[in-house]
Amino acid sequence: MQLKYPALFQQQCYINGQWLAGSEEEVITNPSNGEVIGHVPTMGQNEAEQCVDAAHKAFSEWKLTTADHRANVLRKWYELMVEHSDDLATILTLEQGKPFAEAKGEIAYAASFVQWYSEEARRAYGEMIPSHRPNGKIVVTKEPIGVVAAITPWNFPAAMITRKCAPAFAAGCAMVLKPAPETPFTALALAKLAEDAGLPKGLFNVVTGDAIAIGGVFTADKRVRKVSFTGSTNVGKILMNQSASTIKKMALELGGNAPFIVFDDADIDAAVEGAMIAKFRNAGQTCVCANRLFVHDAVYDQFAQKLAQKVKALKVGDGFADNVVIGPLINAGAVAKVQAHVEDAVAKGAEALCGAFAKDGELFVAPFVLTQMSDDMLVAQEETFGPLAPLFRFYDEAEVIERANNTESGLAAYLYTRSLGRAWRVGDALEVGMVGINEGLISTAAAPFGGVKESGLGREGSRHGMEEYLEMKYMFMGGLDQ
Ligand code: NAP
């Protein structure tokens, strides 16, 4: 691996400011070619406990620092991320597979959370409330919640970490993190830059290894006051159950099943562009990916033909090759899920306008566009998490709203129309946390990201993302007449 700053490639865990090896190791491979990239320690209960000890100690000091101090440390971390973005993107592409340009985009996005919360650190304002009694004062202050445990997925190995730890550190919290086993090196590189930026030892701890043992400590230890998880809905439910005995605050960013609705009055070319981004970014492996594309009968054939034409032109391959926009999927299970959704749909009458699977063992999938879809197909119920765009036909507004909402998920939705009234009416009626109106890319550090229903709890990004790491304390002072 050619890095300008080789120390970014760390094969040890970062606990209490120390880089630690383990007695056993996991092999990490490149999904593009199966080659070994490196190893990380297989750690478990003991090391997870060490992380919590270290974070608890660091918290007792960090919470007393000024907002200005925390802002400056975060600002330095942000600047280092920007300075080393080529190296970070190289590590990210190697372990996750996404094209290098897209990896650079993710690093910029990840860094933007650190920048945003370096500014927001200074704005954890409290409140004065008019008193209910004479000669008294009601004051509300904000306090950091304490030690936060984060568990993150592989699809955005950098951004899913910074959008948790940047607001946590800005608020005055400490963090213990278990990154996804597929993508530990990006997490460890971020920890190296955090160390360089001057984050005190123990404030940010990164442990790799046995998810069940580590997650067990994170959810059971009384000193951990919040669990912030991004990943599948099933694992989110397990962690919520495990956290119940110690009544932890939960942030859950879980799976989606986003509807993408194209009305007959839409700008079809803009809708096709939006669908390309909302569906095929990160090879379809994002939680806000369009999963069900509902297209009005009057524009269905036109939309299908234009979308298929663009999709056929997408170059699939290794993330470092020129002009590649679709990298490999993360593992064989991900490919199998796309295959199961395609086969199920075709068996029930769908037609594939394009798409193909690579030869055995390879993780490349040439993206699919399927037409003649029906609501009894698997893809209508489940998140595909891959490059498959299924086109469902609809006839009127009420019908499409009902079908769009007919899922346990409620993360993102997209709609394309030229009617102002319809845009707001449908936007209001969709049971989701985020809506893209005539827009396929909605993620930004400035806005609250999160879902409703089984897509989760809480928001990340914006000033609301900072509130998640703060507790309110109400103080009443009486006797002001004395
Ligand atoms: P996942 O299987 O739920 O895994 C996520 C993380 O949880 C991994 O680090 C995993 O480690 C860990 N984990 C699994 N079981 C655990 C347990 N019992 N205790 C503690 N940790 C445990 O999800 P994924 O397949 O990596 O990610 C894809 C999912 O994430 C999709 O459903 C996607 O929609 C969702 N996602 C949501 C958002 C959002 O913001 N809403 C963003 C990105 C992704 P191990 O692999 O070692 O078990």
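**The ligand site, a pocket and the cavities**

In this predicted model, the shell of residues around the ligand is made up of 16 nonpolar, eight polar and four charged residues. The shell therefore holds 28 residues around the ligand, and those that come nearest are Arg 163, Ser 232, Leu 254, Cys 287 and Glu 383. Because domain 1 (6-254 + 455-474) and domain 2 (258-437) both give residues to this shell, the ligand lies between the two domains.

Polar side chains also approach oxygen atoms of the ligand. For Glu 383, a polar side-chain atom is found 2.6 Å from an oxygen atom of the ligand, while for Arg 163 a polar side-chain atom lies at 2.8 Å from a ligand oxygen. In the side chain of Trp 154, an N or O atom is 3.0 Å from an oxygen atom of the ligand. On its own the ligand has 910 Å² of accessible area, and the protein covers 85% of that area. The elements that contribute two or more residues to the shell are the helices α5 (159-171), α7 (211-220) and α8 (233-243), together with the strand β10 (224-230).

Empty space in the protein was examined next. Rolling a probe the size of a water molecule over the atoms reveals where such space is left. The second largest pocket has a volume of about 250 Å³, and its lining consists of 17 residues, with Thr 29, Asn 30, Pro 31, Ile 330 and Leu 363 lying nearest the centre. Strand β3 (residues 25-29) supplies three residues, the largest share of the lining of this pocket. By class, the lining of the second largest pocket comprises seven nonpolar, seven polar and three charged residues. Since residues of both domain 1 (6-254 + 455-474) and domain 2 (258-437) are found in the lining, the second largest pocket lies between these domains.

As for cavities, where the probe fits but cannot get out, three of 30 Å³ or more were counted. The largest cavity has a volume of about 60 Å³ and is lined by 15 residues, of which Asn 257, Pro 259, Ser 409, Gly 410 and Val 432 are nearest its centre. Two or more residues of this lining are given by each of the elements β12 (258-262) and α13 (397-405). Sorted by class, the lining of the largest cavity contains six nonpolar, six polar and three charged residues.

Technical notes:
Residues numbered from 1 in each chain as written. Predicted model: local features only at pLDDT ≥ 70, side-chain atom pairs only at ≥ 80, totals over all residues. Heavy atoms only, no water. Near = heavy atom within 4 Å. Polar contact = N/O pair within 3.5 Å; in protein donor to acceptor, adjacent residues only side chain to side chain. Areas by Shrake-Rupley, 256 points an atom, 1.4 Å probe, with all protein chains shown as cover. Helix = DSSP H or I, 4+ residues; strand = E, 2+ residues; numbered from the N terminus. Nonpolar A, V, L, I, M, F, W, Y, C, P; charged D, E, K, R; others polar. Domains from an automatic or database assignment. 1 Å grid on protein atoms, 1.4 Å probe; cavity = no way out; pocket = protein on both sides within 12 Å on 5 of 7 lines; lining within 4 Å. Points joined across faces, edges and corners; volume = space filled by probe spheres on them.
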